[in-house]
Amino acid sequence: MSTDQATTTATTAARTPEEVRAWLTERVAYFLDVTPQDIASDVLLVEIGLDSVYALTLCGDVEERFGIVVEATLAWDHPTVDALTAHIHAQIAGPR
């Protein structure tokens, strides 16, 4: 698979906000060693224990999964799963 194909596959892997939210919830739950059901999408990530190391790791995971470039401050600029979902979905959906 070429780099272009891999990027296209990663970008199209999650097209809906619900798919983005589910993926983010699973990643955050993994980092915090809890179940996805334990992650409330409207609670500040820092309040549920996401530290700067995991926040930076999440940035790399987002870039790899969705084929977009994000700032290292992504989790602080969009501090809940809901806010991250909206931002990431807007990025992968592109201009309308």
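**Exercise 1. Determine which residues of helix α3 are buried, and check the length of the helix.**

*Solution.* Step 1. In this predicted model, the buried residues of α3 are A55, L58, C59, D61, V62 and F66.

Step 2. To read such a pattern, recall that an α-helix has 3.6 residues a turn, so residues three or four places apart point the same way.

Step 3. For the length, note that α3 covers residues 52–66, which is 15 residues. The expected span is 1.5 Å times one less than the number of residues, and for α3 this comes to 21 Å. The C-alpha atoms at the two ends are 21 Å apart, so the model agrees with the expectation.

**Exercise 2. Describe what is found at the two ends of α3.**

*Solution.* Step 1. At the N-terminal end, D51 acts as a cap. One of its side-chain oxygens lies 3.1 Å from the backbone nitrogen of V53.

Step 2. Just after the helix comes G67, whose phi is positive, at about 65°.

**Exercise 3. Find the salt bridges of the structure and state which helices they link.**

*Solution.* Step 1. A search of the whole structure yields two salt bridges.

Step 2. One of them joins R21 and D82, with the closest N and O atoms 3.1 Å apart. This pair links distant parts of the chain: R21 belongs to helix α2 (residues 17–32) and D82 to helix α5 (residues 81–93), with their positions 61 residues apart in sequence.

Step 3. With a relative accessibility of 28%, R21 counts as partly exposed. D82 also counts as partly exposed, at 27%.

Step 4. The side chains of D61 and R27 form a salt bridge as well, at 2.9 Å from N to O. Here D61 of helix α3 is paired with R27 of helix α2, 34 residues apart, and again distant parts of the chain are linked.

Step 5. The cut-off for a buried residue is under 20% relative accessible area. D61 has 19% and is therefore buried, whereas R27, at 22%, counts as partly exposed.

Step 6. Leaving out residues up to four places away in sequence, D61 touches W23, R27 and F31.

**Exercise 4. Explain what is notable about the backbone of D33, and decide whether this residue is buried or exposed.**

*Solution.* Step 1. D33 is located in the loop between α2 and α3.

Step 2. Most residues other than glycine have a negative phi. D33 is not a glycine, yet its phi is positive, at about 55°.

Step 3. The relative accessibility of D33 is 70%, so this residue counts as exposed.

**Exercise 5. Characterise the surroundings of V70 and of T85.**

*Solution.* Step 1. V70 lies in the loop between α3 and α4 (74–77). Its relative accessible area is 11%, and V70 is therefore buried.

Step 2. Beyond its neighbours within four places in sequence, V70 is in contact with C59, V62 and E63. As for C59, its C-alpha atom is 6.5 Å from that of V70, although 11 residues separate the two along the chain.

Step 3. T85 is part of helix α5. At 1% relative accessibility, T85 counts as buried.

Step 4. The side chain of T85 reaches the backbone oxygen of V81 at 2.7 Å. Not counting residues up to four places away in sequence, T85 touches P17, V20, R21 and L24.

**Exercise 6. Summarise the chain as a whole, and state where the prediction has low confidence.**

*Solution.* Step 1. The chain contains five helices and zero strands, in the order α-α-α-α-α from the N terminus.

Step 2. Of the 96 residues, 31% are buried. The accessible surface of the chain is about 5,700 Å², and carbon and sulfur atoms account for 52% of this area.

Step 3. Among contacts between residues at least 6 apart in sequence, 63% join residues at least 24 apart.

Step 4. The average pLDDT of the chain is 88, and 83% of the residues score at least 70. Among the elements, α2 has the highest mean pLDDT, 97, and helix α1 (residues 3–12) the lowest, 45.

Step 5. Over residues 1–11 the pLDDT stays under 50. For this stretch the model has 11 contacts beyond four places in sequence.

Key. Residues numbered from 1 in each chain as written. Predicted model: local features only at pLDDT ≥ 70, side-chain atom pairs only at ≥ 80, totals over all residues. Heavy atoms only, no water. Helix = DSSP H or I, 4+ residues; strand = E, 2+ residues; numbered from the N terminus. Buried < 20%, exposed > 50% of the residue type's maximum accessible area, 1.4 Å probe, protein only. Polar contact = N/O pair within 3.5 Å; in protein donor to acceptor, adjacent residues only side chain to side chain. Salt bridge = Lys/Arg side-chain N within 4 Å of Asp/Glu carboxyl O. pLDDT = per-residue confidence, 0-100. Contact = heavy atoms within 4.5 Å. Areas by Shrake-Rupley, 256 points an atom, 1.4 Å probe, with all protein chains shown as cover.
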